[in-house]
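Here are some notes on the model you asked me to look over. They are set out as numbered points, beginning with a question about its interior.

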Amino acid sequence: MRRRRTLLIVGGLVLVVVAAVAWIGVRAFLAKGELEAAVPLAQTVREQVVADDPAAAGKTARELAAHARSAAGLTSDPIWRAAEVIPWVGPNLSAVRELAGATEDVAVGAITPLVNLAGSLRPELFKPVDGAVPLQPIVDAQEDVRKADDALEGAAKRVRTIDEGPLISQVRGAVDQLRPVLTETADTVDAARRAIDLMPAMLGADGPRTYLVMFQNPAEPRASGGNPGALALIGTDGGRISLLQQASTADFPRFPEPVLPLPTETAGIYGNITGRFMQNVTLTPRFQLSAELASEMWFQRFGTRVDGVLSIDPVALGYLLNATGPIPLATGDQLTGDNAAALLLNEVYLRYPAPADQDAFFAAASGTVFERIASGGFDPAQLIAALAQAGTERRVLLWNASPSEQAILDGTTLTDLLPTEVQAPGSFGVYINDATGSKMGYYLDVLAATGVAQCDANGQLAGLRLILRSNAPADAATALNSYITGVGQYGVPRGNFRFNVAVYAPPGSMPGGVQRDGVKLPAQLATDGDFPVTQFVVELAPGETTTIDLGVTKYGASHPPEVVSTPKVHLSETQQVAINCEFALQ
């Protein structure tokens with residue numbers, strides 16, 4: 001009898017387990033079908049939004065949300081959750097539940113409010129009407145964009161925290177497919193949220209504002225872009241934008257002391273000239289500091305307190321010209337997206353050796369572009385795309401004097417050139433500062449490559465390789481004028497280009513040595529906040545190429561480092577390089 005009872009109990013347990021497995025299997029199959037049905041609907045709703053068909057997009061979004069809700073419900077019942085504690089099987093069930101939940105978050109929490117905006121926040125609404133940008137549609141959009149941003153960030157976080165180690169290949173593949181899409185989309189909507197939250201106030205919705213615009217010149221590179229040789233003061237009021245004043249660095253005195261107290265690290269790495277000369281405020285990659293210094297210098301020179309500082313470079317200006325179309329200049333030139341960088345960063349110096357003539361050309365060009373944009377003479381969709389590209393490349397930087405408004409920007413790529421908090425553990429920062437007193441940076445090409453090696457003695461090693469080349473003509477010393485080559489006041493032969501390179505390593509890592517073409521290169525070691533810094537000097541003759549290798553130990557990320565760098569005239573993608581455990585550790 002006891003044996004029979006035991007068999008009945010065991011049989012019952014087996015039946016329960018079989019039933020549970022069957023239940024989970026059926027629900028997993030149904031959830032898979034729901035998710036597969038949702039995928040093409042996401043593409044359809046995107047196409048309908050682009051085609052400006054909000055009614056159709058709304059209907060599709062509701063269908064997508066229904067499939068996503070069903071998938072999430074199928075993978076979150078008590079039996080499913082209980083099975084998640086089972087070794088091997090459990091982590092895969094948890095991952096599937098998180099994937100389904102993230103899809104529901106996106107479909108219900110993000111796509112629906114964004115579709116609501118499809119008909120009310122079209123790009124053309126950003127065009128000035130009678131000289132003023134309409135602000136009310138932007139204010140009306142804020143709540144829906146915030147909802148979408150919160151939902152996308154939540155979904156991205158759910159997928160980022162999935163541990164892929166114990167997953168089977170099919171589930172791991174789904175995680176790998178969804179994670180980058182969610183991260184990229186969340187970053188895009190996050191940037192839109194911050195812009196829409198800030199835009200009304202910055203455009204003078206609550207009263208007049210003034211902003212200092214710095215045009216950084218990468219032909220004379222600085223850590224955050226270049227020498228801010230041309231400047232402008234713009235005013236905003238009720239959506240109306242006006243050009244109030246233009247100036248150049250020649251209009252500013254050599255201040256005897258820094259206009260504001262400099263952080264000890266900044267003074268130690270870049271010198272107190274950072275706070276004494278307008279053309280040197282961008283020596284540091286910390287743009288907030290650069291902006292505060294520039295703002296104070298403007299106040300001391302002209303008596304105007306600005307509400308913020310905006311930085312842009314001629315390459316980004318070229319992107320904007322793709323939206324405005326060619327702009328005729330009084331000189332007879334046509335300023336276009338294709339020729340803006342070459343004309344403003346090189347040809348102007350060949351044509352006008354006198355700095356005053358250069359300043360006049362820059363003022364005329366920037367003023368004409370400003371008038372075209374302020375009058376609404378642009379394609380709004382292309383303008384938004386141009387600003388997005390410039391922001392991604394860190395060619396547009398922004399600082400607000402209001403702490404509450406600046407807090408909205410914190411953590412984004414608009415605030416400075418340092419790796420963001422998310423990027424920092426797995427990134428190098430590479431910043432270039434001219435040491436020639438010239439415009440030879442126009443001819444500098446930089447290719448970066450990184451790699452990781454597992455070393456018993458030193459732990460994990462991360463390596464950075466920089467391939468630096470001067471594309472200056474062989475006869476640069478005589479073919480280029482002294483304003484481009486410099487006049488040798490810093491001991492640099494005409495035609496050569498000398499510059500400082502500051503490499504910011506991931507926080508917590510330990511820099512090794514620096515090698516140039518396999519030979520040890522002298523370097524200065526320092527810290528800037530949490531970042532270990534290695535700074536060294538490189539000089540290139542026309543046509544010369546050199547290779548710099550640098551390694552750091554105690555690198556904590558599992559992937560090869562990213563590289564965040566000074567936005568040069570020409571950009572290149574970071575490559576990967578195979579390194580060994582002796583990589584630049586001398």
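Which residues line the largest cavity?

1. The model is a predicted one, and the question above is answered by a list of residues drawn from separate parts of the sequence: Pro 218, Pro 221, Gly 225, Ile 432, Gly 441, Leu 444, Thr 566, Pro 567, Lys 568 and Val 569. The volume enclosed by this lining is about 50 Å³, and the lining residues divide into 6 nonpolar, 3 polar and 1 charged.

2. The structure holds 2 cavities when those of 30 Å³ or more are counted, and the second largest has a volume of about 40 Å³. The residues lining this second cavity are Gln 216, Ser 224, Gly 225, Ser 311, Ile 312, Asp 313, Arg 394, Arg 395, Val 396, Leu 397 and Pro 567. Strand 4 (308-312) and strand 7 (396-400) are the elements that give two or more residues to this lining, whose residues divide into 4 nonpolar, 4 polar and 3 charged. Gly 225 and Pro 567 appear in the linings of both cavities.

3. Arg 394, one of the residues lining the second largest cavity, deserves a separate look, since its place is in the loop between helix 12 (380-392) and strand 7. Its phi is positive, at about 60 degrees, although Arg 394 is not a glycine. Most residues other than glycine have a negative phi. Arg 394 counts as buried because its relative accessibility is 5%, and buried means under 20%.

4. Lys 554 is another residue to check for its backbone, with a positive phi of about 55 degrees although it is not a glycine. Lys 554 is found in the loop between strand 16 (545-553) and strand 17 (562-565). Is Lys 554 buried or exposed? At 54% relative accessibility Lys 554 counts as exposed, whereas Arg 394, at 5%, counts as buried.

5. Asn 433 lies in strand 8 (residues 427-434), and its relative accessibility of 2% is why it counts as buried. Which backbone atoms does the side chain of Asn 433 reach? The side chain of Asn 433 reaches the backbone nitrogen of Ala 223 at 2.9 Å, and it also reaches the backbone oxygen of Leu 283, at 3.1 Å.

6. Helix 5 (residues 136-160) has 25 residues, and the 36 Å from its first C-alpha to its last is close to the 36 Å expected at 1.5 Å a residue. Helix 5 nevertheless has a kink of about 35 degrees, centred on Gln 142. Gln 142 is also among the buried residues of helix 5, which include Ile 138, Asp 144, Asp 149, Leu 152 and Val 159.

7. Helix 11 (residues 355-374) has 20 residues, which should span 28 Å at 1.5 Å a residue, and the separation of its end C-alpha atoms, 28 Å, agrees with that. The buried residues of helix 11 include Phe 361, Phe 362 and Phe 370, together with Gln 358, Ser 366 and Gly 367. Helix 11 is followed by Gly 376, whose phi is positive, near 90 degrees.

How values were computed
Residues numbered from 1 in each chain as written. Predicted model: local features only at pLDDT ≥ 70, side-chain atom pairs only at ≥ 80, totals over all residues. Heavy atoms only, no water. Helix = DSSP H or I, 4+ residues; strand = E, 2+ residues; numbered from the N terminus. Expected span 1.5 Å × (residues − 1). Bend = angle between axes of the 7 residues up to and from the residue. Buried < 20%, exposed > 50% of the residue type's maximum accessible area, 1.4 Å probe, protein only. 1 Å grid on protein atoms, 1.4 Å probe; cavity = no way out; pocket = protein on both sides within 12 Å on 5 of 7 lines; lining within 4 Å. Points joined across faces, edges and corners; volume = space filled by probe spheres on them. Nonpolar A, V, L, I, M, F, W, Y, C, P; charged D, E, K, R; others polar. Polar contact = N/O pair within 3.5 Å; in protein donor to acceptor, adjacent residues only side chain to side chain.
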